[in-house]
Each structure stands twice: as structure tokens, then as C-alpha cells.
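Me: I am new to this structure and should be grateful for a close look at a single part of it. Please describe that part in one connected account.

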Amino acid sequence: MDNSRGLRSQLKDSVPVTGLCPQAGAYGVQDTLRRGFSSVKNELLPSHPLELSEKNLNQDKMNFNTLRNIQGLHAPLKLQMEYRAARQIQRLPFLPSSNLALDTLKGSDDTIGFEDILNDPVQCEMMGDPHIMTEYKLGFL
């Protein structure tokens, strides 16, 4: 049986920690001893769109290093090969592809992001001739 789950699911703990320590105390005041001091910096949104992308890239590298230390060299290499294979799965050039396999591998198939709302292929500015687009993709033109 192939146990090829996403990176996120392999690194999760089996016991959720959020249920053990509530965010507010009995009187609705923040529990400083358990949560630490509140910081405004942690609650701010990213100032630039690339900041979130760079943070995710660094997080992926850290997850791959952790996975390598825990399971050995084969685990991150296997996941990277699966990601590469899932990226290559495409529909015909004139049909939009949802990349569902890649989203499932990364564990982001159950979240709705910016690209899910504003990347609607129906609202695409240009639609080409399917035959010409396929010939271009295959290198005939």
C-alpha cells in the first residue's frame, strides 16, 4: 500500500494542542502565563504580496529539512518528484487546468485562496483557437 500523503499531513502531531490551552481565561482576559505577551506585529497582515510567498517558500524548505531529519533522504525527494509529476499533468492548452493533484499533495485543496476567486478562466481576456494553441504547445508552429 502506497503511503504517499502530503508534507503537511506527515508532520502533524496526533494530539491537537489548541484544545489544551484556551486563548482566554475564565474571565475573558488573555492568559499571559500560557500564551505569552500579545504582540501587534504578529496580528498584522503582510505589507507586500511577496512577503507571504517568501514565508511559504521558507516554510516549505524547513518542512523538507525536518522531514529529511525524521524519515531520511528519500522522503523529501519522493515528495518533490510527486510535486513535479503533478505539475506536469495538464489539460489541452485551450482548456483551463485546476491542478487538483498538486493542491491535494500540498494539502491546500480544502482552503480557498486569492487565486481560487480571481483566477476564473471564464473571465480570461483572451481565448485562442484550440487547434493553433495545441500545435504551438506541441511545437508544430
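The part I have in mind is the loop between helix 5 and helix 6, where Asn 99 has its place. Which helices supply at least two residues each of the largest nonpolar core, and which residues of helix 5 are buried?

Reply: The model is a predicted one, and the account below starts from the loop and moves to the helices beside it.

Asn 99 lies in the loop that separates helix 5 from helix 6. Its phi is near 55°, a positive value in a residue other than glycine. Asn 99 counts as partly exposed because its relative accessibility is 28%, and the range for that class runs from 20% to 50%.

On one side of this loop is helix 5, which has 15 residues. From its first C-alpha to its last, helix 5 reaches 21 Å, close to the 21 Å expected at 1.5 Å a residue. Its buried residues are Ala 75, Pro 76, Leu 79, Glu 82, Tyr 83 and Ala 86. These buried residues cover an arc of only 125° around the axis, and they are therefore on the same side of helix 5. The face turned away from that buried side carries the exposed residues His 74, Met 81 and Gln 88.

The buried side leads to the largest nonpolar core, which has eight residues: Phe 64, Leu 67, Ala 75, Leu 79, Tyr 83, Ala 86, Leu 102 and Leu 105. Helix 4 (49–71), helix 5 (74–88) and helix 6 (100–106) each supply at least two residues of this core. The largest share, four residues, comes from helix 5.

Two residues of helix 5 deserve a closer look. Leaving aside residues up to four places away in sequence, Ala 86 touches Ala 101, Leu 102 and Leu 105. Tyr 83 has the charged end of Lys 106 over its ring, 5.5 Å from the ring centre.

Helix 4 completes the picture. In this helix, Asn 63, Phe 64 and Leu 67 are buried, and Phe 64 and Leu 67 also belong to the largest nonpolar core. The 23 residues of helix 4 should span 33 Å at 1.5 Å a residue, and its end C-alpha atoms are 33 Å apart, so the two values agree. Just after helix 4, Gly 72 takes a positive phi of about 105°. A positive phi thus appears at Gly 72 and also at Asn 99, the residue in the loop between helix 5 and helix 6.

Notes. Residues are numbered from 1 along each chain as its sequence is written. This is a predicted model: local features need pLDDT of at least 70, side-chain atom pairs count only at pLDDT 80 or more; totals for chains, interfaces and linings use all residues. Side-chain values use heavy atoms; hydrogens and water are left out. A nonpolar core is a set of buried Ala, Val, Leu, Ile, Met, Phe, Trp, Tyr and Cys residues joined through side-chain atoms within 4.5 Å. Buried means under 20% relative accessible area, exposed over 50%, partly exposed in between (1.4 Å probe, protein chains only). Contact means heavy atoms within 4.5 Å. The expected span of a helix is 1.5 Å times one less than its number of residues. The arc is that of the directions from the helix axis to the C-beta atoms. A charge sits over a ring if NZ of Lys or CZ of Arg is within 6 Å of the ring centre and within 35 degrees of the ring normal.
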